[in-house]
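Here is a short set of exercises to work through with the model open on your screen. Try each task yourself before you read its solution.

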Amino acid sequence: MGISQDELAAWLAGYDSTSITIGVIASHSSLQILHGARAEGFKTLGIAVGENRRRYYKAFPGAEPDEWLMLEDYRELLDQAEWLRKRNVIIIPHGSLVEYLGAENFRNLEVPTFGNRGILKHESSRQSQRDWLEAGGCTMPKLIVDPHDIDGPVIVKYAGAKGGRGYFIARNYRDFRRNALLEEEFTIQEYVLGCRYYLHFFFDPTADDGFQVQGVGSHAGKNLGRLELMSMDRRDESNVDEFYKLGSLRDLREMELEPSFVVTGNQPVVIRESLLPEAFKLAEGVVASSFELEEGARGMLGPFCLETIVTDQLEFKVFEISARIVAGSNPFVGGSSYSDINEWRMSTGRRIARSIKRAMEKGVLTDILS
Ligand code: AMP
């Protein structure tokens, strides 16, 4: 299923290129996306449920959408496809859009969408994501298949868990039994000790300059497009980030407290400059292998995030990928220590809009949308 490139091209043929509108669900990274779209000269559309949501954008006139589509339920978006296409809308997807619509509905939304929606099926299951990342040369935290084999700290992740909710740490089988909801699907990963870095990259297949990703497999010997490092963050996670204040792990157990990993915010970071070549190597590998995920794969497109832990051996362990803009890029509406080097005040949201603008100028819009 999903949208074919022919369908996409037919929709775009009916678009008025002087009046392209960037549309986004009013959540997640929408302020950054709307602000960036406006900076690049696009009209903007906010999509929201509930008047309260719309009202709060009054507080940010620099990002307030030119127009709103108000819904009773986000799934109504599927019925508004024609309305959106009449307004020449290109949707910028983010994590909340995928969550609100559901993966299948998102894939079938009949509106031109930035990036490759086809990548979602390789990202949405933990095993297929692992296969992809390992094929790209990433080292991932070890998997523990049988809980009886837990012999050091592990993190238990439920399949449907969002934003780290419900994860827990176990040190042995007894810990695991005490906390596990056995009726849920879960994976057990080695708990990697180190510092977390969430690396925000952007891959532009229409650019033939800069750091070019070298193809592998069926694309060996080809330059696939330009890879850019936009920014980096570290998530604030409640309550694990502040747990240390309450004493040792034993004290915490006595108080019957367990750490949780619910994302509440993001902080800007940079890594040691000597780690950057390795960061690029991993991102390049992940992009190159995304073109080999299936026959004719369109590969990674636009923003993506490698979620990593750097150990005291200065090794990256990659525990997840997000194949679209992440909320961790929000501290960088005004640019980052990395993006500012190339162009002052270039956020990921603005980079998306820039990419659309350049693709329109070159007549290759279908190459960056799905
Ligand atoms: P995730 O849902 O995979 O993005 O993980 C949520 C949070 O759990 C991360 O931001 C980390 O703080 C933590 N985490 C996930 N996997 C690991 C791991 N293997 N080792 C240590 N911490 C982890």
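The exercises below concern a predicted model, and they go from domains to cores, cavities and single residues.

**Exercise 1. Lay out the domains**

Task: Find which domains the protein has, and how many residues domain 1 and domain 2 each bring to their contact.

Solution:
- Start with the assignment, which gives domain 1 (1–113), domain 2 (117–140 + 193–370) and domain 3 (142–191).
- Next, take the C-alpha centres of domain 1 and domain 2, which are 23 Å apart.
- Then look at the contact between these two domains: 32 residues come from domain 1 and 26 residues from domain 2.

**Exercise 2. Trace the largest nonpolar core**

Task: Work out why the largest nonpolar core lies between two domains, and which of its residues touch the most other members.

Solution:
- The core holds 50 residues, and the ones touching the most other members are Leu77 and Ile356.
- Ask next which element gives the largest share: that is helix α13 (residues 348–362), with four residues.
- Now bring in the domains. Both domain 1 (1–113) and domain 2 (117–140 + 193–370) give residues to this core, so it lies between them.
- Zoom in on Leu77. Setting aside neighbours within four places in sequence, Leu77 is in contact with Ile25, Ile47, Leu69, Leu71, Leu84, Leu97, Leu101 and Leu109.
- Another core, of 35 residues, lies apart from this one, and its members include Phe201, Phe203, Leu275 and Tyr338.
- As background, nonpolar side chains tend to be buried together in soluble globular proteins.

**Exercise 3. Describe the cavities**

Task: Find how many cavities of 30 Å³ or more the whole structure has, and describe what lines them.

Solution:
- A search of the whole structure turns up two such cavities of 30 Å³ or more.
- Begin with the largest, which encloses about 130 Å³ of space. Its lining has 16 residues, and Pro93, Phe114, Gly115, Ala323 and Arg324 are the ones nearest its centre.
- Sort that lining by class: eleven residues are nonpolar, three polar and two charged.
- Check the domains as well: domain 1 (1–113) and domain 2 (117–140 + 193–370) each supply at least three residues to the lining of the largest cavity.
- Move on to the second largest cavity, with a volume of about 40 Å³. Its lining is made up of His200, Phe201, Met230, Pro303, Phe304, Arg324, Ile325, Val326, Ser329 and Thr348.
- Two or more of these lining residues come from each of β9 (195–204) and β13 (302–310).
- By class, the lining of the second largest cavity divides into six nonpolar, three polar and one charged.
- Compare the lists to finish: Arg324 is named among the residues nearest the centre of the largest cavity and also lines the second largest cavity.

**Exercise 4. Look into helix α2 and the loop before it**

Task: Decide whether Ser27 and His28 are buried or partly exposed, then find what α2 packs against.

Solution:
- Place the residues: Ser27 is in the loop between β1 and α2, and His28 belongs to the loop between β1 (21–25) and α2 (30–39).
- Apply the cut-off, under 20% relative accessible area for buried. Ser27 has 13% relative accessibility, so it counts as buried; His28, with 26%, is partly exposed.
- List the partners of Ser27: beyond neighbours within four places in sequence, Ser27 is in contact with Arg53, Tyr57, His94, Ser96 and Tyr100.
- Enter the helix, where Ser30, Gln32, Ile33, Leu34, Gly36 and Ala37 are buried. The buried residues of α2 pack against β1, β2 (43–49) and α13.
- Just after α2, Gly41 has a positive phi of about 90°.

**Exercise 5. Check the backbone**

Task: Find where the backbone has a cis peptide bond, and which residues other than glycine show positive phi.

Solution:
- The cis peptide bond joins Ser238 and Asn239, with omega about 5°. Asn239 sits in strand β11 (residues 223–239).
- For positive phi, one residue is His28, with a value near 65°.
- Another is Leu314, whose phi is near 60°. Leu314 lies in the loop between β13 and β14 (316–322) and is partly exposed, at 40% relative accessible area.

Key
Residues are numbered from 1 along each chain as its sequence is written. This is a predicted model: local features need pLDDT of at least 70, side-chain atom pairs count only at pLDDT 80 or more; totals for chains, interfaces and linings use all residues. Side-chain values use heavy atoms; hydrogens and water are left out. On a 1 Å grid over the protein atoms alone, a cavity is a set of points where a 1.4 Å probe fits but cannot get out, and a pocket is an open set with protein on both sides within 12 Å along at least five of seven lines; lining residues have an atom within 4 Å of a point. Grid points are joined across faces, edges and corners, and a volume is the space filled by probe spheres set on the points. Ala, Val, Leu, Ile, Met, Phe, Trp, Tyr, Cys and Pro count as nonpolar, Asp, Glu, Lys and Arg as charged, and the others, Gly among them, as polar. Domain bounds come from an automatic or database domain assignment. A nonpolar core is a set of buried Ala, Val, Leu, Ile, Met, Phe, Trp, Tyr and Cys residues joined through side-chain atoms within 4.5 Å. Buried means under 20% relative accessible area, exposed over 50%, partly exposed in between (1.4 Å probe, protein chains only). Contact means heavy atoms within 4.5 Å.
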